[in-house]
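Colleague: I am new to this model and would like to understand why its parts are described as they are. Could you show it to me and then take my questions in turn?

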Amino acid sequence: MLKAQDLTVLLGGREILRGVDFAAKPGEITAIVGPNGSGKTTLLRALTGDVGFSGDARIEGLDVARAKPWELAARRSVLSQFTGVAFPFTVAEIVHIGQSAGVRGAGSELTERALARVGLSGFGPRPYHDLSGGEQQRTQLARALAQVWDPVGGDGPNWLILDEPVASLDIAHQLEVMTLARDFARAGGGVVAVMHDLNLTAMFAQSVALLALGEIVTQGPVDDVFTDQNLSRAYACSLRVNTVPPAATYILPHAARA
Ligand SMILES: Nc1ncnc2c1ncn2[C@@H]1O[C@H](COP(=O)(O)OP(=O)(O)O)[C@@H](O)[C@H]1O
Ligand SMILES: [Mg+2]
């Protein structure tokens with residue numbers, strides 16, 4: 001279980017998150033959606049212990065504010081929204097960084113398996129900076145995956161925490177990455193993902209938190225949260241939620257800005 005209560009984050013003298021309650025269960029993909037600047041990345045950074053907050057956040061009982069960095073690293077890995085790398089690393093070196101932060105110790109076999117899992121077999125020796133944006137993003141996902149390779153470890157579920165994991169990917173790679181996340185969850189791990197694509201969210205997530213202006217509008221099963229009214233209000237444009245029987249939900253814009 002990942003659980004946060006009454007999270008408030010102050011940055012640059014502004015309250016970026018206000019009294020946020022958030023929960024995610026292992027075995028599911030929990031999506032965080034909401035407009036630009038609503039605080040999605042800030043919420044993830046609080047949940048992963050990368051930004052200070054008041055309130056309480058726990059990952060499998062581990063107190064995020066007080067845990068040691070290596071305790072957190074063994075329990076959850078993070079794919080950041082921006083994945084710039086300052087030094088001329090190879091792809092394999094980036095993936096190794098994840099493993100040595102995790103519990104298993106670095107190994108070239110796991111590196112290759114993680115790269116294969118994101119469709120980058122054989123990319124290991126290539127300079128990271130020579131890759132396309134989408135390939136860099138998938139390299140970072142392989143790094144995160146290698147860190148918590150086992151969805152369930154000796155003392156419970158591990159967590160993948162992903163900030164816009166499909167943002168610069170073509171549709172086939174979007175599906176590949178979301179399927180990877182779903183497989184991780186189905187094997188007992190936990191996944192929290194910030195998503196912009198509401199249709200992909202409806203297709204893959206079981207639970208969703210809708211954020212606007214630094215507060216949770218509502219959180220729950222996708223079909224409860226994705227209503228015309230909830231989405232239209234949060235995104236300040238007219239959206240229609242439709243369903244194709246038996247169970248495919250899709251969202252279309254109804255008109256220009258309300
Ligand atoms: N370090 C910071 N200092 C001041 N303001 C920040 C900082 N980081 C984020 N913000 C502000 O917090 C708000 C939420 O940002 P963010 O969580 O990145 O939004 P989202 O991921 O939903 O687009 C934005 O208005 C952003 O400008
Ligand atoms: Mg963001």
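Colleague: Which residues have the most contacts inside the largest nonpolar core?

Modeller: In this predicted model, the largest nonpolar core has 75 residues, and those with the most contacts inside it are L47 and A181. Helix 6, residues 171–186, gives the most to this core, with six residues.

Colleague: What does L47 touch?

Modeller: Leaving aside residues up to four places away in sequence, L47 touches L2, A4, A57, V64, I161 and V192. A contact here requires C-beta atoms within 7 Å. As a general tendency, nonpolar side chains are buried together in soluble globular proteins.

Colleague: What makes strand 6 and strand 12 edge strands?

Modeller: They belong to an open sheet of six strands with mixed pairing, in the order 6-9-10-3-11-12. Strand 6 (76–79) and strand 12 (215–221) each have a single partner strand, so one side of each is left without a neighbour in the sheet, and that places them at the edges. Direction ignored, neighbouring strands of this sheet are turned by 15° against each other on average.

Colleague: How do you know that strand 3 and strand 10 pair, and in which sense?

Modeller: Pairing asks for at least two bridges, and strand 3 (residues 29–33) and strand 10 (residues 190–194) have four, in the parallel sense. Within this pair, T30 stands opposite V192 in strand 10. Helix 6 packs on the sheet there, touching strand 3, strand 9 and strand 10, and its direction makes about 150° with that of strand 10. Helix 5 (residues 133–147), for its part, lies across strand 6 and strand 9 (159–163), running at about 175° to strand 6.

Colleague: Which strands are at the edges of the sheet of four strands?

Modeller: That open sheet has the order 2-1-4-5, with antiparallel pairing. Its edge strands are strand 2 (14–24) and strand 5 (62–63), each of which pairs on one side only. Strand 1 (residues 2–11) and strand 2 are joined in the antiparallel sense over seven bridges, and the bridge partner of V9 in strand 2 is L17. Helix 1 (residues 40–47) packs on this sheet, where it touches strand 1, strand 2 and strand 4 (54–59), and its direction makes about 65° with that of strand 2.

Colleague: Which residues surround ligand 1, and how many of them are charged?

Modeller: Ligand 1 is surrounded by L11, G12, I16, G34, N36, G37, S38, G39, K40, T41 and T42. By class, this shell has two nonpolar, eight polar and one charged residues, with glycine counted among the polar ones. Helix 1 gives the most to the shell, with three residues.

Colleague: Why is D6 called partly exposed, whereas A236 is called exposed?

Modeller: The exposed class ends at 12 C-beta neighbours and the buried class begins at 20, both counted within 10 Å. D6 has 13 such neighbours and therefore counts as partly exposed, whereas A236 has 11 and so counts as exposed. D6 is in strand 1, while A236 lies in the loop between helix 9 (228–235) and strand 13 (239–244).

Colleague: What is the phi of D6 and of A236?

Modeller: D6 has a positive phi of about 55° although it is not a glycine, and A236 likewise has a positive phi of about 55° without being a glycine. For background, most residues other than glycine have a negative phi.

Conventions. Residues are numbered from 1 along each chain as its sequence is written. Chains are lettered from A and ligands numbered from 1 in the order in which they are written. This is a predicted model: local features need pLDDT of at least 70, side-chain atom pairs count only at pLDDT 80 or more; totals for chains, interfaces and linings use all residues. Helices (H or I, at least four residues) and strands (E, at least two) are DSSP runs, numbered from the N terminus. Two residues are in contact if their C-beta atoms, placed from the backbone, lie within 7 Å. Axes are lines fitted to C-alpha atoms, for helices over the stretch in contact, and angles run from 0 to 180 degrees between N-to-C directions. A residue is near a molecule or strand if its C-beta atom, placed from the backbone, lies within 6 Å of it. A nonpolar core is a set of buried Ala, Val, Leu, Ile, Met, Phe, Trp, Tyr and Cys residues joined through C-beta atoms within 7 Å.
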